[in-house]
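Let's go through this one together, asking what stands behind each term. Here is the model.

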Amino acid sequence: MAKDQAERLRERLNKLKNEAKTIAVMSGKGGVGKSNFSLNFSLALQKQNKRVLLFDLDIGMGNIDILIGESSKYSIVDFFKNDIALLDIITSGASGLDYISGGTGLGQIFKLEEERFQEFLQELSLVFKVYDYIIFDMGAGISEDSLRFILSVEEIIVITTPEPTSITDAYAAIKHICYNDERIPFSIIVNRAFNTEVGEQTFNRLSQTIKQFLKRDSKLLGVIPDDSVIMKAVIEQQPFLNFQPNSRASKALTTIAKDFLTEMPNRTEQVESTQFISRLKSFFMKGRS
């Protein structure tokens with residue numbers, strides 16, 4: 001990241017006493033458009049005048065760089081392996097969105113020494129003061145490490161598609177979360193739906209199963225149509241929200257972001273004030289004991 005970018009963030013840090021809200025975007029399986037949603041959802045929130053950091057936590061397999069057609073100088077791997085400060089790892093993309101690349105070549109970053117992990121938490125707590133929202137783009141499925149992050153956030157967004165295997169895998173992921181913590185609110189996005197009706201039918205099938213077996217209510221955050229613009233944008237390595245702002249997918253995503261911002265204050269009343277850092281620290285310390 002350029003030196004002036006790091007200085008800009010540090011100047012903002014000195015002025016703000018913010019506390020970012022945390023959102024984990026996850027899926028039960030790969031190939032459902034999770035990272036593409038995370039990227040464009042982050043941009044949509046930014047267009048609503050929110051300060052957003054997209055944190056690619058698909059460590060070693062991150063593809064945010066690919067989706068936006070850029071190559072970040074540093075990734076989260078550099079923090080743990082090369083002692084690069086977290087603020088210096090943040091990249092500002094051409095769209096103006098700040099993000100942390102997942103990088104390649106290191107799959108288990110949090111298996112390292114406790115001292116470095118403590119430093120990670122300390123620096124992350126500073127980053128929280130710079131942004132309104134931190135979006136964690138999780139890897140597909142749930143690993144031991146990713147579960148700790150997911151259980152620490154204020155809100156979870158689960159991505160599924162109308163495909164039966166995708167619905168089944170999404171339910172399995174939600175079940176795993178609910179068995180570990182009944183506190184965290186979650187919303188569902190149905191991606192690649194032929195139309196809104198198909199998307200709502202998909203949600204209803206999943207929601208009824210969750211209600212019957214997990215005794216939890218579900219919320220449909222939105223339906224994203226199976227729009228050819230999305231694939232064209234991926235090929236051009238641009239967020240589809242910028243590639244064609246008036247496309248069906250872009251309009252749906254914009255509505256989703258607005259609805260989310262309207263509902264978020266009410267939903268986070270269900271949980272205590274932001275305690276992401278302390279919760280994450282507790283989960284990882286338990287895992288080491």
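Q: What volume does the largest pocket have, and what makes it a pocket?
A: The volume is about 470 Å³. This is a predicted model, where local features need pLDDT of at least 70 and side-chain atom pairs pLDDT 80 or more, while totals for chains, interfaces and linings use all residues. Residues are numbered from 1 along each chain as its sequence is written, and side-chain values use heavy atoms, without hydrogens and water. On a 1 Å grid over the protein atoms alone, a pocket is an open set of points where a 1.4 Å probe fits, with protein on both sides within 12 Å along at least five of seven lines. A volume is the space filled by probe spheres set on the points, which are joined across faces, edges and corners.

Q: Which residues are closest to the centre of the largest pocket?
A: They are V32, G33, K34, N36 and R192, out of 27 that line the pocket; a lining residue has an atom within 4 Å of a point.

Q: Which strands stand at the edges of the sheet, and why?
A: The open, mixed sheet has 8 strands in the order β3-β4-β2-β5-β1-β6-β7-β8. β3 and β8 each have a single partner strand, so one side of each lacks a neighbour in the sheet. Strands are DSSP runs of E with at least two residues, helices runs of H or I with at least four, numbered from the N terminus; two strands pair if DSSP finds at least two bridges between them.

Q: How do you know that β2 and β4 pair?
A: They share 3 parallel bridges, and pairing asks for at least two, so they qualify. In β4, I100 is the bridge partner of F55.

Q: Why is the contact of D132 with R51 called a salt bridge?
A: Their closest N and O atoms are 3.2 Å apart. The term asks for a side-chain nitrogen of Lys or Arg within 4 Å of a carboxyl oxygen of Asp or Glu, so this pair qualifies. Both residues lie in loops, so the pair ties together parts 81 residues apart in sequence.
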